[in-house]
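Welcome! Let us look together at how some helices in this structure pack against each other.

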Amino acid sequence: MFNGMNEKQAREQILEMVKEYCDTYHNRREPYKEGTRIPYASRVYDSEEMTNLVDSALEFWLTSGRYTDLFEKEFAAYLGVKHCSLVNSGSSANLLAFMALTSPLLGERAVRRGDEVITVAAGFPTTVAPIVQFGAVPVFIDVTIPQYNMDIAMLEEALSPRTKAVMAAHTLGNPFDLKAVKEFCDRHQLWLIEDNCDALGSVYKMNGKEYLTGTVGDIGTSSFYPPHHMTMGEGGAVYTNNPLLHKCVRSFRDWGRDCVCVSGQDNVCGHRFDRKYEELPEGYDHKYVYSHFGYNLKATDLQAAIGCGQLKKLPKFTRLRREHFAFLKESLKGTEEYYILPEACEGSSPSWFGFMLTCKEEVKRAKVVPYLESRGIQTRMLFAGNLTKQPCFDEMRRQKTGYRVVGDLKNTDRIMCDTFWIGVYPGMTKEMLEVMARELKAAVGLL
């Protein structure tokens with residue numbers, strides 16, 4: 001097949017065949033048929049992602065490489081931030097974002113064991129897990145309905161002399177009140193980590209300027225798991241404008257090492273063998289000096305190659321998510337007797353991850369959700385519901401240690417009992433949206 005071809009020509013032929021294969025077998029979209037399952041999320045891609053993936057595979061570099069460098073540069077440019085680190089998952093991104101705040105390089109502002117971090121219990125567990133795993137204390141405040149984000153009126157009450165940070169997610173794409181939270185953090189010299197894993201592309205207006213969520217706090221995180229706003233299979237990112245935090249993130253991500261050389265590079269700093277590090281012998285190889293107890297949380301270039309193709313589609317994905325949400329919101333007018341419909345945070349334009357509904361007293365979620373599932377409509381809970389009631393908290397709950405609750409988490413408990421959501425992902429058709437709206441009405445006897 002490759003007779004007379006050089007490597008470049010052979011690669012071009014392979015990639016052209018991959019493109020044709022994808023266009024023939026992967027992008028043949030069948031019209032929606034009544035009764036077909038409607039997932040809450042799915043991958044949306046074309047031949048660009050597949051040819052990028054094969055292009056990277058043909059190089060067989062496998063670990064972080066040129067596609068990683070390109071993605072980090074382009075993703076940072078999209079967000080308008082200075083520094084971006086690609087990692088292997090959104091959960092790893094949250095872990096790195098929090099662990100960066102524990103670095104001794106931060107001096108008195110470093111989070112230490114026993115320090116407190118304000119957060120919420122209504123969300124995904126890996127927003128909170130790094131806090132607990134390190135030995136800091138999560139302080140849980142309630143959320144509001146129908147925004148499903150932290151109740152900013154409780155921030156001052158949650159504050160203590162040991163508070164060092166606020167770490168919370170923008171729930172299902174809906175930004176929390178960034179202006180109020182940022183002012184609270186600035187007033188008390190607290191770090192702010194924005195878990196942006198469900199909100200990539202969401203916009204928040206503050207002081208006359210528009211910001212993408214994830215870029216207002218000290219550190220932002222994203223997830224590229226298949227259901228999210230864009231995907232590379234597994235993957236995530238940590239981003240910041242703070243060069244010192246970026247240095248900490250990179251060190252924790254790359255085994256905890258002090259060296260900044262990327263794979264395949266040596267002696268970028270020019271001091272590989274001429275420095276003294278405390279108890280180490282003078283001139284010890286800088287590539288093997290470790291300034292943190294770190295991990296290996298890098299992504300592969302194969303993942304980054306897919307991400308480079310997905311990133312180009314992100315503006316369209318964001319537009320479609322907003323359109324699908326608006327369609328459902330308009331279609332469900334008149335159901336307010338039975339459902340609390342979601343509302344965007346004031347001053348925001350969310351890139352919605354899902355359409356959240358809370359059942360009112362007249363109707364039970366235990367009836368609505370099984371009905372929707374029986375009609376082929378996939379549903380999801382708001383993740384952990386009330387995280388403090390999950391089995392992972394059993395021991396801490398029994399011993400009454402390891403976390404603190406401010407107030408009674410009344411709305412969080414209601415979400416655990418009465419709330420669910422359906423999808424608005426970019427691959428949905430008008431017919432699918434119409435079916436979801438119709439069946440939501442039928443579930444409460446409106447049809």
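Helices (H or I, at least four residues) are DSSP runs, numbered from the N terminus. Their axes are lines fitted to C-alpha atoms over the stretch in contact, and angles run from 0 to 180 degrees between N-to-C directions. This is a predicted model, in which local features need pLDDT of at least 70 and side-chain atom pairs count only at pLDDT 80 or more, while totals for chains, interfaces and linings use all residues. Residues are numbered from 1 along each chain as its sequence is written, and side-chain values use heavy atoms, with hydrogens and water left out.

Here are two helix pairs side by side.

| Helix pair | Axes come within | Crossing angle |
|---|---|---|
| α3 (residues 66-79) and α9 (residues 301-331) | 8 Å | roughly 30° |
| α4 (residues 90-100) and α8 (residues 243-253) | 9 Å | roughly 125° |

With its crossing at roughly 30°, α3 is therefore roughly parallel to α9 (an angle under 35 degrees). Their contact (heavy atoms within 4.5 Å) involves Arg66, Tyr67, Thr68, Leu70, Phe71, Glu74, Phe75 and Tyr78 of α3, together with Asp301, Ala304, Ala305, Gly307, Cys308, Leu311 and Leu314 of α9. Sorted by class, that makes ten nonpolar, two polar and three charged residues. Here Ala, Val, Leu, Ile, Met, Phe, Trp, Tyr, Cys and Pro count as nonpolar, Asp, Glu, Lys and Arg as charged, and the others, Gly among them, as polar.

How do α4 and α8 meet? On the α4 side, Leu96, Met99 and Ala100 touch Leu245, Cys248, Val249, Phe252 and Arg253 of α8. This contact of α4 with α8 has seven nonpolar, no polar and one charged residues.

Methods:
Helices (H or I, at least four residues) and strands (E, at least two) are DSSP runs, numbered from the N terminus. Angles under 35 degrees count as roughly parallel, over 145 as roughly antiparallel, 65 to 115 as roughly perpendicular and the rest as oblique.
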